[in-house]
Amino acid sequence: MALIKCPDCGRDVSDLAPVCLGCGRPIAGALSQPPTARPPTGPPATSLSTPLQPPAQTGTAAPVAPVTGVLRSNVDSVKTIESPTRRAGFPTGIVLGGLLLLIAVAAAVLVLTANRPGTPQVAGSSTVAPSAPRPTLTAMPVVAANSRRSSAAASPMPDVNGVSCDALESTIFHIHVHLAIFVDGQEQLVPLGVGIGQPWQVEDSAEGPFVTDGSCFYWIHTHTEDGVVHIESPLRRRFTLGDFFAIWQVPLSATQVGPAQGPVIAYVNGSRDDRNPADIALLAHERIQLNIGGDVPPYLFDFPPGD
């Protein structure tokens with residue numbers, strides 16, 4: 001093996017190389033030929049006037065592919081492998097941030113709700129609606145719970161002044177009366193559930209807590225704490241304020257209202273009534289006011305719409 005000059009480009013190349021690595025000129029078998037003089041100017045020749053054939057191969061070697069004046073590396077196209085497009089990842093950070101924000105807001109709402117003053121609740125109801133505007137009420141022994149309301153549901157309630165405690169309310173005779181009681185100038189609370197046997201079912205209403213059901217109903221009873229007395233009777237008869245106080249089990253006379261004693265001043269529909277308060281008849285939409293320990297001018301009570 002020896003280095004020779006390429007006849008075209010003058011580059012040193014092995015005499016055993018099939019082609020010149022610089023210009024692609026076939027080299028094998030060119031030792032016996034003198035180098036072709038290169039022209040003084042112009043680009044190197046790209047072809048030969050007398051193409052040379054490679055020497056015959058002996059043995060089992062694979063034949064050499066025909067060569068041209070251009071390198072294969074200069075002809076073959078280069079495949080560019082493009083990097084795969086990066087897929088957008090799942091926005092885990094954004095989702096986690098949103099969840100943390102929601103948790104923080106929920107925790108803040110729970111803290112504020114826990115610190116807010118609670119609204120008084122009534123058994124059997126979700127919320128309690130505020131009562132209609134009325135004078136400030138004072139709890140006195142006169143509004144003590146009716147002892148009959150603490151009886152067992154299965155125990156029969158005795159008749160009072162000919163008034164029975166029935167399983168259902170009757171609407172054959174149905175009227176409403178308002179009762180206000182003042183002791184030493186302070187209005188007393190007429191409780192809800194007077195004349196209704198326990199256990200009760202209580203719901204909220206525009207007038208406040210409302211007893212919707214009980215073990216039985218006397219014909220004279222109260223559903224709310226606003227002083228409205230319901231007369232719901234299966235027959236038409238004369239009922240008095242004394243009948244209601246007897247069912248309530250609170251004493252009533254011309255000189256006593258519950259535990260309070262002294263002259264009782266009675267007003268009916270704004271007018272003075274000198275009768276024994278127990279004898280005052282219960283008539284539709286009548287406004288009855290009892291004063292003891294001082295005279296309080298009667299005030300006007302508005303019955304709920306549709307009452």
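Here are some exercises with worked solutions on this predicted model.

**Exercise 1. The nonpolar cores**

Find out which residues touch the most other members of the largest nonpolar core, and which elements supply its residues.

*Solution.*
- Step 1: Begin with the members. The largest nonpolar core has 37 residues, and the ones that touch the most other members are Leu179, Ile231, Leu241, Phe244, Phe245 and Leu290.
- Step 2: Now turn to the elements. Two or more residues each come from β5 (173–183), β11 (228–233), α3 (241–248), β15 (264–268) and β17 (286–292). Strand β5 gives the largest share, 6 residues.
- Step 3: Pick one member and list its neighbours. Leaving out residues up to four places away in sequence, Phe245 touches Leu179, Ile181, Val250, Pro251, Leu252, Val257 and Leu290.
- Step 4: Look elsewhere, too. Another core lies apart from this one; it has 6 residues, including Cys6, Val13, Cys20 and Ile27.

**Exercise 2. A patch on the surface**

Work out which residues form a nonpolar patch on the surface, and decide whether Leu102 is buried or exposed.

*Solution.*
- Step 1: Name the patch. Val95, Leu96, Leu99 and Leu102 make it up, and together they have about 370 Å² of accessible area.
- Step 2: Place one of them. Leu102 belongs to helix α2, which covers residues 92–115.
- Step 3: Apply the cut-off. A residue is exposed when its relative accessible area is over 50%. Leu102 has 58%, so Leu102 is exposed.

**Exercise 3. Cysteines, bonded or not**

Find the disulfide in this structure, and explain why Cys9 is not bonded to Cys20.

*Solution.*
- Step 1: Recall the idea. A disulfide is a covalent bond between the sulfur atoms of two cysteines.
- Step 2: Search the whole structure. The search gives 1 disulfide, and the partners are Cys165 and Cys216, with 2.0 Å from S to S.
- Step 3: Check the handedness. The torsion about this S-S bond is about 90°, so the disulfide is right-handed.
- Step 4: Locate the partners. Cys165 sits in strand β4 (residues 165–166), while Cys216 sits in the loop between β8 (208–213) and β9 (217–218); the pair is 51 residues apart and links distant parts of the chain.
- Step 5: Ask how covered they are. Buried means under 20% relative accessible area. Cys165 is buried because its value is 14%, and Cys216 is buried because its value is 6%.
- Step 6: Compare with the cysteines that have no bond. The closest cysteine sulfur to that of Cys9 belongs to Cys20, but the distance is 3.5 Å, so the two are too far apart for a bond. Cys6 is in no disulfide either, with the sulfur of Cys23 as its nearest, 3.5 Å away.

**Exercise 4. Salt bridges**

State how many salt bridges there are, then decide for Arg237 and Asp243 which partner is buried and which is partly exposed.

*Solution.*
- Step 1: Recall the idea. Side chains of opposite charge can pair when their charged atoms come close.
- Step 2: Count. There are 4 salt bridges.
- Step 3: Take the pair in the task. The side chains of Arg237 and Asp243 meet at 3.6 Å, N to O. Arg237 is partly exposed at 28% relative accessible area, whereas Asp243 is buried at 8%.
- Step 4: Try another pair. Asp273 bridges to Arg275, with the closest N and O atoms 2.8 Å apart. Here Asp273 is buried, at 13%, and Arg275 is partly exposed, at 40%.
- Step 5: Finish with Asp12 and Lys5, whose closest N and O atoms are 3.0 Å apart. Asp12 is partly exposed at 45%, and Lys5 is exposed at 52%.

Notes:
Residues numbered from 1 in each chain as written. Predicted model: local features only at pLDDT ≥ 70, side-chain atom pairs only at ≥ 80, totals over all residues. Heavy atoms only, no water. Core = buried A, V, L, I, M, F, W, Y, C linked by side-chain atoms within 4.5 Å. Buried < 20%, exposed > 50% of the residue type's maximum accessible area, 1.4 Å probe, protein only. Helix = DSSP H or I, 4+ residues; strand = E, 2+ residues; numbered from the N terminus. Contact = heavy atoms within 4.5 Å. Patch = residues over 30% accessible without salt bridge, like charges linked within 9 Å, V, L, I, M, F, W, Y side chains within 5 Å. Areas by Shrake-Rupley, 256 points an atom, 1.4 Å probe, with all protein chains shown as cover. Disulfide = S-S within 2.5 Å.
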